[in-house]
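Colleague: I'm new to this one, so I'd like to go through the labels and ask what each of them rests on. Could you put it up for me?

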Amino acid sequence: SPMGTVEAVVTLKADGTTLTGQFDLGGGRVWPIDDGVVDGDRITFQIDRDRPSGGGMTYGMSGTLKGDTITGAASAMGMNVDWTMTRK
């Protein structure tokens with residue numbers, strides 16, 4: 001993110017073309033995945049989160065699975081940031 005690296009334990013579940021799951025950032029901060037879609041090796045989803053300073057923010061996430069890694073881009077507030085997830 002523009003604020004630095006964000007690490008989370010991410011749980012993803014694909015059921016046909018539907019993707020569900022959550023990002024657990026620790027400390028009780030859990031962001032559920034909304035509008036998740038699986039299309040072959042590509043995924044898209046949204047994360048709606050509350051901001052500590054008030055208000056909310058929506059991240060549009062997309063990525064491509066290759067082996068045990070998903071790489072993609074997140075967009076929010078007119079900015080795009082690359083991201084990576086690796087299966088443990």
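Colleague: Why is aspartate 35 called exposed?

Modeller: This is a predicted model, so everything here is computed from it. Aspartate 35 has a relative accessibility of 59%, and exposed means over 50%, so aspartate 35 earns the label.

Colleague: What else is there to say about aspartate 35, and where is it found?

Modeller: Aspartate 35 is part of strand β3. Its phi is positive, about 55°, although aspartate 35 is not a glycine.

Colleague: And what makes methionine 77 count as exposed?

Modeller: Same kind of reasoning: the relative accessibility of methionine 77 is 58%, and the cut-off is over 50%, so methionine 77 counts as exposed too. Methionine 77 sits in the loop between β6 and β7, and its phi is near 50°, a positive value in a residue other than glycine.

Colleague: How do you know that β6 and β7 pair?

Modeller: Pairing takes at least two bridges. Strand β6 (residues 69-76) and strand β7 (residues 79-86) have eight, in the antiparallel sense, so they qualify. For one bridge, look at threonine 71, whose partner in β7 is threonine 84. The two strands form a hairpin with two residues between them.

Colleague: Which other strands form hairpins with two residues between them?

Modeller: β3 and β4 do, with glycine 40 in the turn at a positive phi of about 65°. β1 and β2 do as well, and there glycine 16 has a positive phi of about 70°.

Colleague: What makes β1 and β2 a pair?

Modeller: Seven bridges, running antiparallel, against a requirement of at least two, so they pair. Alanine 14 stands opposite leucine 19 in β2.

Colleague: Why is β1 described as hardly covered?

Modeller: Buried means under 20% relative accessible area. Strand β1 (residues 9-15) has seven residues, and the count of buried ones among them is zero.

Colleague: What about strand β4, which side chains are buried there?

Modeller: Strand β4 (residues 42-50) alternates: Ile43, Phe45, Ile47 and Arg49 point to one face and are buried. Arg42, Thr44, Gln46, Asp48 and Asp50 point to the other face and are not buried. In a regular strand, side chains alternate between the two faces of the sheet.

Colleague: Which strands does β4 pair with?

Modeller: β4 is joined to strand β3 (residues 29-39) by five antiparallel bridges, and aspartate 34 has glutamine 46 as its partner in β4. Nine bridges join β4 to strand β5 (residues 56-66), again antiparallel. There, isoleucine 47 stands opposite tyrosine 59.

Colleague: Stepping back, how many helices and strands does the chain have?

Modeller: Zero helices and seven strands.

Colleague: Then why is the chain called as compact as a globular protein of that length?

Modeller: The radius of gyration is 13 Å, and the globule rule gives 12 Å for 88 residues. Those values are close, so the chain is as compact as a globular protein of that length. Its C-alpha trace spans about 40 × 25 × 25 Å along the principal axes.

Colleague: And how much of the chain is buried?

Modeller: Buried residues make up 24% of the 88 residues. The accessible surface comes to about 6100 Å², and 50% of that belongs to carbon and sulfur atoms.

Definitions and conventions:
Residues are numbered from 1 along each chain as its sequence is written. This is a predicted model: local features need pLDDT of at least 70, side-chain atom pairs count only at pLDDT 80 or more; totals for chains, interfaces and linings use all residues. Side-chain values use heavy atoms; hydrogens and water are left out. Helices (H or I, at least four residues) and strands (E, at least two) are DSSP runs, numbered from the N terminus. The radius of gyration is taken over C-alpha atoms; the globule rule is 2.2 Å times the number of residues to the power 0.38. Buried means under 20% relative accessible area, exposed over 50%, partly exposed in between (1.4 Å probe, protein chains only). Accessible areas come from the Shrake-Rupley method with a 1.4 Å probe; for residues, only the protein chains shown count as cover.
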